[in-house]
Amino acid sequence: MTITSEEQRVTLVEAGRRLAQVLAALRTKIAPGVSTEDLDDLAEAQIRDGGDEPCFLGYTPDGAVRPYPATLCVSINDEVVHGIPNESPKILKEGDIVSLDLGLTHNGIIVDAAITVPVGVVDAESTKLMRATEEALAAGIKVAKAGVNLGNVSHAIQDVVERAGFKVVRDLGGHGVGERVHEEPFIANFGRVGEGPELKEGMVLALEPISTAGKAAVVLASDGYTYRTKDGSRSAHFEHTILIEKAGACIVTEL
Ligand code: MG
């Protein structure tokens with residue numbers, strides 16, 4: 001969506017603050033022995049307690065054969081995105097890395113964010129993968145502002161991930177957000193400076209670098225949602241909803 005009034009801007013920022021709070025609460029729960037279903041229950045309860053709605057629950061993305069059955073996406077290790085936490089729930093183990101992807105609707109405005117979190121002590125490569133992916137998100141946000149081509153953002157993300165020795169997943173990426181969960185434009189995590197549409201003041205975008213420690217290829221599981229790396233390598237994922245402004249981008253899903 002494009003924000004056109006101060007009232008909408010205030011609502012967007014409040015939506016982002018609320019989502020960031022729920023994600024921060026979930027982060028504190030991540031430990032060996034925790035069930036993915038319990039994380040999903042907690043996410044849904046916190047969102048509803050705030051008077052808001054989970055926006056992934058019941059949402060059917062383009063091409064999906066059924067509505068998404070949970071509030072939260074929980075993707076562990078070689079699961080890339082859209083892991084379902086409440087159908088055959090999993091128990092987190094020491095050394096896992098787990099991506100938590102969450103969206104909510106506050107007063108009609110949708111925001112979307114994700115973090116990847118270590119479960120206890122994790123190996124050095126996983127730590128490096130998570131750090132590079134989070135830094136790639138920061139790099140993408142840093143170049144995002146009105147008048148810049150979308151390709152500049154995509155390129156900034158790709159550059160950080162690849163310099164760290166990792167790959168970006170080509171089949172998945174960021175998107176416009178605000179009125180619907182997924183809006184135009186699709187935001188690839190690779191690209192060229194000067195290419196793609198020009199960013200405009202007021203645009204609401206979800207940037208989400210998705211990277212792997214091995215090859216970039218992903219496969220979709222038979223549940224219709226869970227993407228895994230084809231080679232079994234680990235994947236990391238960080239996401240913020242941002243608002244494009246004249247001089248830069250406002251990160252709305254950050255506390
Ligand atoms: Mg997203």
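Modeller: Let's start with contact: residues are in contact when heavy atoms lie within 4.5 Å. The model here is predicted: local features need pLDDT of at least 70, side-chain atom pairs count only at pLDDT 80 or more, and totals for chains, interfaces and linings use all residues. Residues are numbered from 1 along each chain as its sequence is written, while side-chain values use heavy atoms and leave out hydrogens and water.

Biologist: Let's try it. Leaving aside neighbours within four places in sequence, which residues is Asp 231 in contact with?

Modeller: Under that restriction, Asp 231 touches Gly 214 and Lys 215. The C-alpha atoms of Asp 231 and Ala 217 are separated by 7.6 Å, with their positions 14 residues apart along the chain. A polar contact is a pair of N or O atoms within 3.5 Å; within protein, one must be able to donate a hydrogen and the other to accept it, and residues adjacent in sequence count only if both atoms are side-chain atoms. The side chains of Asp 231 and Ser 233 make one at 2.7 Å.

Biologist: Where is Asp 231 placed?

Modeller: Strands are DSSP runs of E, at least two residues, numbered from the N terminus. Asp 231 is in the loop between E12 and strand E13 (235-237). For accessibility, buried means under 20% relative accessible area, exposed over 50%, and partly exposed in between (1.4 Å probe, protein chains only). At 40%, Asp 231 is partly exposed.

Biologist: How many aromatic pairs are there?

Modeller: Rings of Phe, Tyr and Trp (its six-membered ring) pair if their centres lie within 6.5 Å; planes under 30 degrees apart are stacked, over 60 edge-to-face and the rest tilted. The count here is one. Tyr 68 and Tyr 225 have ring centres 5.0 Å apart and planes at 75°, so they meet edge-to-face. Tyr 68 is in the loop between E1 (53-54) and E2 (72-76), and Tyr 225 in the loop between E11 (218-220) and E12 (227-229), so the pair ties together parts 157 residues apart in sequence. Tyr 68 is buried at 4%, and Tyr 225 is buried at 5%.

Biologist: Is strand E4 enclosed or open, and why?

Modeller: Nine of the 10 residues of E4 (residues 97-106) are buried, so the strand is largely enclosed by the rest of the structure. Strands pair if DSSP finds at least two bridges between them. E4 pairs antiparallel with E1 through two bridges, with E2 through five, and with E5 (residues 109-118) through 10. Looking at single positions, Glu 53 stands opposite Thr 105, Ser 75 partners Ser 99, and Leu 104 faces Val 111. Two residues lie between E4 and E5 in their hairpin, where Asn 107 takes a positive phi near 45°.

Biologist: Which residues have the most contacts inside the largest nonpolar core?

Modeller: A nonpolar core is a set of buried Ala, Val, Leu, Ile, Met, Phe, Trp, Tyr and Cys residues joined through side-chain atoms within 4.5 Å. The largest has 67 residues, and those with the most contacts inside it are Leu 26, Val 98, Leu 100 and Leu 102. A second, separate core of six residues includes Val 80, Val 81, Leu 172 and Ile 210. Beyond its neighbours within four places in sequence, Leu 102 is in contact with residues including Leu 19, Phe 56 and Val 111.

Biologist: What is the strand order in the open sheet of three strands?

Modeller: The order is E6-E10-E13, with antiparallel pairing. E6 (167-168) and E13 are the edge strands, each pairing on one side only. Two bridges join E6 to E10 (residues 210-212), and Lys 167 has Thr 212 as its bridge partner.

Conventions: Helix = DSSP H or I, 4+ residues; strand = E, 2+ residues; numbered from the N terminus.
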